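Got your viewer open? Let's take a walk through this one together, stop by stop.

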Amino acid sequence: MPQTVEVKVPDIGDFTDVPVIEVLVKAGDSVKAEDSLVTLESDKATMDVPSPSAGIIKDVKVKLGDKVSEGSVIVTLEAAAANGGKAASPAQATAPAPAPAAGSASASAAAPPPSAPAQRKTEAPTTPAGAAESIEVKVPDIGDFKDVPVIEVLVKPGDTVKAEDSLVTLESEKATMDVPSPSAGVIKEVKVKVGDKVSEGNVIVVLEAAGARVSAAPAQAAAATTAAPAPSQSPPASPSPDRKAPSVSAGAGPQVDSESIRKAHASPSVRAFARELGVDLSRVKGSGPKNRVLREDVQQYVKEAMSGAATAPGLAATSSAGGAALGLLPWPQVDFAKFGPVEAKPLSRIKKISGANLHRNWVMIPHVTNHDDADITDLEALRVTLNKENEKAGIKVTMLAFLIKVCVSALKKFPEFNASLDGDKLIYKQYYHIGFAADTPNGLMVPVVKNADQKGVLAIAKEMGELSAKAREGKLGPTDMQGGCFSISSLGGIGGTYFTPIINAPEVAILGVCRSSMRPVWDGKQFVPRLILPLSLSWDHRVIDGAAAARFNTYLIALLGDMRRSLL
């Protein structure tokens, strides 16, 4: 007999309150096993919740815009009898993990419960203290993701490692994570190479670990990786050599045919990408396995639309972002070698990721930048004094630490600067996490000082030093760069006067700072030398108006001129 089961949100990692962006079924619909029921989207990933079995939808428990977490009921399903008349049990209904569209049955296997990371321990016989034991270091719990590429192997046989040293780096479409060593020891064998694809439980290296039994290591490794935001469900396919991603300006929420999006043979991340660009996926020819539409296919389609090779209806009529709608010329194709010697170098991984984000932010956010000057003569004298006093403690106070502190005060006074747009709503944040741009050998990164309102200047300076060191060494985790409310980009150590920093969405403002210089300032009687710091405040004109931006800058300048005002 048919059995009614509740289909729930499966294990989605550490994420809660994930918005429902698409409801793909309604009461009375017949579905097959693995048909997508709803689409969830966090700030880092899009995922479908599939049906555990064939049957009829009895009731839909969520609507567009609802926020759900693991265990939330999505639909009730009258499951058809299968496997000899046995219907899917309620336990089975909650088990499937979000799977890419058209994925295999194994891709939606039961997800581990939240407690699983703590249970995955490298079992090895207890050995006397001081004895060496060989243990297999495996990929820890990385959520429901499989076949994650190895982009860097950081050790070789014979290397000596300490506990928590990184062994290999894995990279999915949206996150990079290191697999750390569970203990100190010597690498006996490396089981993977760059380009290999691994999943949870795959052996990375064989380690001859010194000392007693290592019991908590895998749990530590899992903690290091599961803190990362859930990557997109499908690792990106390598683009064809003859395909180049076009510079496409993303529109603000174009409307496309939801039915074509639903039926498209594409992963959730590709559907979200197409929805952002306003592309009707039914018009895009897929080049992936079984004609699956890949991200590169969408990019190629938009490129052709911009150059006039595709018909205009492929892009949503309401989208003004497409190059065709703006009448833009295609990107010039130039054989630079005709004019002299050239050398082609691939963009770094970080520049590839940040470049797309910067382009989106610049195109979609109406930037305005206010330039101003702050007198920091007295504050610089205080900074020098503090550094002398804390020299033995190893804490180096920079002007950026003071800037973070005064920005917190300004955000409290002008709360619209500590907000984010969410459709037609403005979300005011009651926390103060400040990001600062860090220049690294691999490109720009923005670590975040969390709860800066609860920390003094010395504590902020110490944390900044630690985050900057991690950034330079390439060891920043995803959680180190998440949750920012406001960002500061400082060129003080390099030079310049003013510039236009690009807002880091979904934030609504960013402060740019250049090198301070001594200038003559009229004090009413004479010119006196004062140390002047140039400030450049970029703000989102959809949220902030010019008067508010001018007041924000004026308040910042007053605080930098006299830090005692921050106590008022």
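Start with the charged side chains: this predicted model holds 19 salt bridges. We'll visit a few of them.

**Stop 1: K32 and D35.** Select K32 and D35 and show their side chains. They form a salt bridge, and the closest N and O atoms are 4.0 Å apart. How do the two ends compare, exposed or partly exposed? K32 is exposed, with a relative accessible area of 56%, while D35 counts as partly exposed at 24%.

Stay here and click on E34. It sits in the loop between β3 (30-31) and β4 (36-41). Check its backbone angles: phi is near 80°, a positive value in a residue other than glycine. That is worth a pause because most residues other than glycine have a negative phi. E34 is partly exposed, with a relative accessible area of 33%. Now add V49 to your selection: it is 15 residues from E34 along the chain, and the two C-alpha atoms are separated by 8.5 Å.

**Stop 2: K162 and D165.** Jump along the chain and select K162 and D165. This pair also makes a salt bridge, with the closest N and O atoms 3.9 Å apart. K162 is exposed, with a relative accessible area of 55%, and D165 is partly exposed at 22%.

Next, pick E164. Where does it lie? Look in the loop between β11 (160-161) and β12 (166-171). E164 has a positive phi of about 80° although it is not a glycine. Its relative accessible area is 40%, so it is partly exposed.

**Stop 3: K470 and D480.** Select these two and zoom in. Their side chains meet in a salt bridge, 2.8 Å from N to O. The pair links distant parts of the chain, ten residues apart: K470 is in helix α11 (457-472), and D480 is in the loop between α11 and β24. D480 counts as buried, at 15% relative accessibility, whereas K470 counts as partly exposed at 29%.

Before leaving the charges, select D375, D378 and R530 together. Salt bridges that share partners join these three into one network.

**Stop 4: helix α10.** Now select residues 399-413, which make up helix α10. The helix has 15 residues and reaches 21 Å from its first C-alpha to its last, close to the 21 Å expected at 1.5 Å a residue. Is α10 mostly covered or mostly open? Mostly covered, with twelve of its 15 residues buried. Among the buried ones are M399, F402, I404 and L411.

Click on C407 in that helix too: it is buried, with a relative accessible area of 0%. Then hop to C485, which also counts as buried at 0% relative accessibility. If you go hunting for disulfides, you'll find that the structure holds zero.

**Stop 5: two strands.** Select L426, found in strand β19 (residues 425-428). It counts as partly exposed, at 29% relative accessibility. Which residues does it touch, leaving aside its neighbours within four places in sequence? The contacts are A419, S420, L421 and V543. Look at V543 in particular: it is 117 residues from L426 in sequence, yet the two are 8.2 Å apart in space, C-alpha to C-alpha.

Then go to T440 in strand β21 (residues 438-440). T440 is buried, with a relative accessible area of 8%. Not counting residues up to four places away in sequence, it touches M445, A471 and R472.

**Stop 6: a patch on the surface.** Switch on the surface and select V334, F336, F339 and V342. Together they make a nonpolar surface patch of about 450 Å². Pick out V334: it is in the loop between α7 (323-326) and α8 (349-364) and is partly exposed, with a relative accessible area of 39%.

**Stop 7: an odd peptide bond.** Select A505 and P506. A cis peptide bond joins them, with omega about 10°. Most peptide bonds are trans. You'll find P506 in the loop between β24 (486-490) and β25 (509-513).

**Last stop: zoom out.** Show the whole chain as a cartoon. Its secondary structure comes to twelve helices and 27 strands. Of the 568 residues, 45% count as buried. The accessible surface comes to about 28400 Å², and 54% of it belongs to carbon and sulfur atoms. Finally, take the contacts with a separation of 6 or more: residues 24 or more positions apart account for 64% of them.

Definitions and conventions: Residues numbered from 1 in each chain as written. Predicted model: local features only at pLDDT ≥ 70, side-chain atom pairs only at ≥ 80, totals over all residues. Heavy atoms only, no water. Helix = DSSP H or I, 4+ residues; strand = E, 2+ residues; numbered from the N terminus. Buried < 20%, exposed > 50% of the residue type's maximum accessible area, 1.4 Å probe, protein only. Contact = heavy atoms within 4.5 Å. Areas by Shrake-Rupley, 256 points an atom, 1.4 Å probe, with all protein chains shown as cover. Expected span 1.5 Å × (residues − 1). Patch = residues over 30% accessible without salt bridge, like charges linked within 9 Å, V, L, I, M, F, W, Y side chains within 5 Å. Disulfide = S-S within 2.5 Å.
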